[in-house]
Structures are given as C-alpha cells and as structure tokens.
Amino acid sequence: MKPISNYAPDFEIPGIDREVYHLGSCRRKYQAIAVVFMGNFPEVNLYLERLKKIQTDFASQNFTVMGINSNYFPGSIAESMKKMEQFAQQHELNFPYLRDSTQDVAKSFKAEILPTVYLLDSDAVIRYQGQIDDCAASVEKVHSHYLRNGIEAILADRKITLDCVEPVGVNIQWRS
C-alpha cells in the first residue's frame with residue numbers, strides 16, 4: 001500500500017464524458033478528492049449507492065469522487081469506454097468515471113484490489129487509503145464510515161485518526 005502522507009501520483013486520463021481529467025487541475029478545484037479504483041464487479045456495485053450519496057452530500061463543500069477503471073479489457077479503448085458509459089448510465093453515477101487503459105495510474109498508486117479508495121487533500125497528499133466502510137454487504141450494518149469520516153476531517157482541517165484500512169474486494173485484472 002502507498003504510504004500515507006505521500007503525494008499522489010499525477011495522472012491525465014479520459015472520462016466517459018469525453019473530458020480529460022488531470023489530477024493537478026482537479027486538486028486546485030477541490031479541497032478533497034476520493035480517487036476510487038473500481039470496475040464493473042458485484043463487489044464494487046455494493047458500494048455504488050454509498051459513493052453516490054457521499055458525492056451528493058459533500059459536492060457543495062469542494063469535494064469530488066473520481067472513479068477509475070484500470071481493469072484490462074481485451075477490446076479497443078472505444079469498446080471499453082462504451083461499456084463504462086453503459087455501466088454509469090445503468091447505475092446513474094453522479095461522479096466522473098475515468099479509464100486507465102494503460103494501467104499506469106493503478107500501478108503508480110500501487111492499487112491492487114477493487115474497490116480501493118485514496119483520499120487526497122488539495123495538495124494531492126494521500127490522507128487515507130483503503131476501504132470505503134466496514135461492511136460492503138449492508139449499509140445498515142456499517143459501524144465505521146472510513147471514507148466519510150476522512151472527508152469530514154479534511155474539510156474541517158483535522159487529522160484523520162484511522163488513515164489506512166486494508167481493502168477487501170477483487171483483484172484488478174492486469175494485462176498479461
């Protein structure tokens with residue numbers, strides 16, 4: 001796992017909205033950014049409603065979620081983006097969904113498990129990494145809201161008390 005308090009690696013990758021997202025530009029716009037490595041898997045789908053709610057709850061406070069799909073896809077980038085667009089429409093994503101077709105972004109973050117979140121401050125310093133919360137199966141059974149608590153801490157200019165929780169999910173599908 002990437003050490004907390006290090007700078008996040010910069011990236012510039014396309015989103016399904018045909019925009020190119022550059023972390024350097026985004027960090028100047030937002031006080032906090034949740035970079036979430038995700039894909040079209042049931043383990044990730046369990047968290048989609050929570051991620052959308054977090055985006056809605058904090059968007060007005062200079063925060064955004066950035067979903068990144070780094071999974072290997074054997075077809076063309078256009079085909080991959082089309083599947084991501086369909087996924088985003090089906091699940092009504094309210095945050096940018098980006099394509100890391102080279103897998104360089106996932107490698108530079110040292111991401112291995114989906115979903116994994118890296119919570120960054122406006123200086124692009126990693127302040128939290130790991131799970132979104134402690135119960136993927138049921139929002140009603142969540143006891144620790146790791147991401148939500150981390151966002152609140154950054155926005156209030158406080159230290160995050162629990163800054164790293166080992167992610168649980170599925171492995172990123174790497175190009176052979």
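**Exercise 1. Place Asn94: work out how exposed Asn94 is and what the residue touches.**

Start with exposure. Asn94 has a relative accessibility of 34%. Buried would need under 20% and exposed over 50%, so Asn94 counts as partly exposed. Keep in mind that this is a predicted model.

Next, find the residue on the chain. Asn94 sits in the loop between α3 and β5 (97-99).

Now look for partners, skipping neighbours within four places in sequence. Asn94 is in contact with Lys52, Gln55 and Thr56. Two of these contacts can be described atom by atom. With Lys52, a polar atom of the Asn94 side chain lies 3.0 Å from the backbone oxygen. With Thr56, the link runs side chain to side chain, a polar contact of 3.0 Å.

Finish with a distance check. Val125 is 31 residues from Asn94 along the chain, and their C-alpha atoms are separated by 24 Å.

**Exercise 2. Take Ser80 and decide whether this residue is buried or exposed, then list its contacts.**

First, Ser80 belongs to helix α3 (residues 77-91). Its relative accessibility is 5%. The cut-off for buried is under 20%, so Ser80 counts as buried.

Then the contacts. Setting aside residues up to four places away in sequence, Ser80 touches Phe73 and Arg99.

**Exercise 3. Go through the salt bridges: how many does the structure hold, and which parts does the Glu85 pair tie together?**

Begin with the count: the structure holds six salt bridges. The general idea is simple: side chains of opposite charge can pair when their charged atoms come close.

Take Glu85 and Arg18. Their side chains meet in a salt bridge at 2.6 Å, N to O. Glu85 lies in helix α3 while Arg18 is in the loop between β1 (12-14) and β2 (20-22), so this pair ties together parts that are 67 residues apart in sequence. The two ends differ in exposure: Glu85 is buried, with a relative accessible area of 14%, whereas Arg18 is exposed at 63%.

Move on to Asp57 and Lys53. This salt bridge has its closest N and O atoms 2.9 Å apart. Both residues lie in helix α2, four residues apart, which is about one turn of the helix. Asp57 has a relative accessible area of 26% and is partly exposed; Lys53, at 47% relative accessibility, also counts as partly exposed.

Don't stop at the pair, though. Lys53 and Asp57 join Arg148 in a network of salt bridges.

One further bridge to look at: the side chains of Asp121 and Arg127 meet at 3.6 Å, N to O. Asp121 counts as buried, with 11% relative accessibility.

**Exercise 4. Describe the surroundings of helix α5: which of its residues are buried, and what do they pack against?**

Step one is the tally. Helix α5 (residues 146-155) is mostly covered, with eight of its ten residues buried. These are Tyr146, Leu147, Arg148, Gly150, Ile151, Ala153, Ile154 and Leu155. Arg148 is the residue from the salt-bridge network in the previous exercise.

Step two is the packing. The buried residues of α5 pack against helix α2 (42-58) and against strands β3 (32-37), β4 (63-69), β7 (116-121), β8 (126-130) and β9 (164-165).

Step three is the end of the helix. After α5 comes Asp157, whose phi is positive, near 60°.

Last, connect α5 to the core. The largest nonpolar core has 56 residues, and Leu147 is among those that touch the most other members, along with Phe11, Val35, Phe37, Met38, Phe63 and Leu119. Take Phe11 as a sample: beyond residues up to four places away in sequence, Phe11 touches Tyr21, His22, Leu23, Val35, Met66, Ile68, Leu98, Val105 and Phe109.

**Exercise 5. Check the cysteines: how many disulfides does the structure hold?**

Recall that a disulfide is a covalent bond between the sulfur atoms of two cysteines. The structure holds zero of them. Cys135 is in no disulfide, and its nearest cysteine sulfur, that of Cys164, is 20 Å away. Cys164 is likewise in no disulfide, with the sulfur of Cys135 as the nearest one.

As for exposure, Cys135 counts as buried at 14% relative accessibility, and Cys164 counts as partly exposed at 33%.

Conventions: Residues are numbered from 1 along each chain as its sequence is written. This is a predicted model: local features need pLDDT of at least 70, side-chain atom pairs count only at pLDDT 80 or more; totals for chains, interfaces and linings use all residues. Side-chain values use heavy atoms; hydrogens and water are left out. Buried means under 20% relative accessible area, exposed over 50%, partly exposed in between (1.4 Å probe, protein chains only). Helices (H or I, at least four residues) and strands (E, at least two) are DSSP runs, numbered from the N terminus. Contact means heavy atoms within 4.5 Å. A nonpolar core is a set of buried Ala, Val, Leu, Ile, Met, Phe, Trp, Tyr and Cys residues joined through side-chain atoms within 4.5 Å. A polar contact is a pair of N or O atoms within 3.5 Å; within protein, one must be able to donate a hydrogen and the other to accept it, and residues adjacent in sequence count only if both atoms are side-chain atoms. A salt bridge is a side-chain nitrogen of Lys or Arg within 4 Å of a carboxyl oxygen of Asp or Glu. A disulfide is a pair of cysteine sulfur atoms within 2.5 Å.
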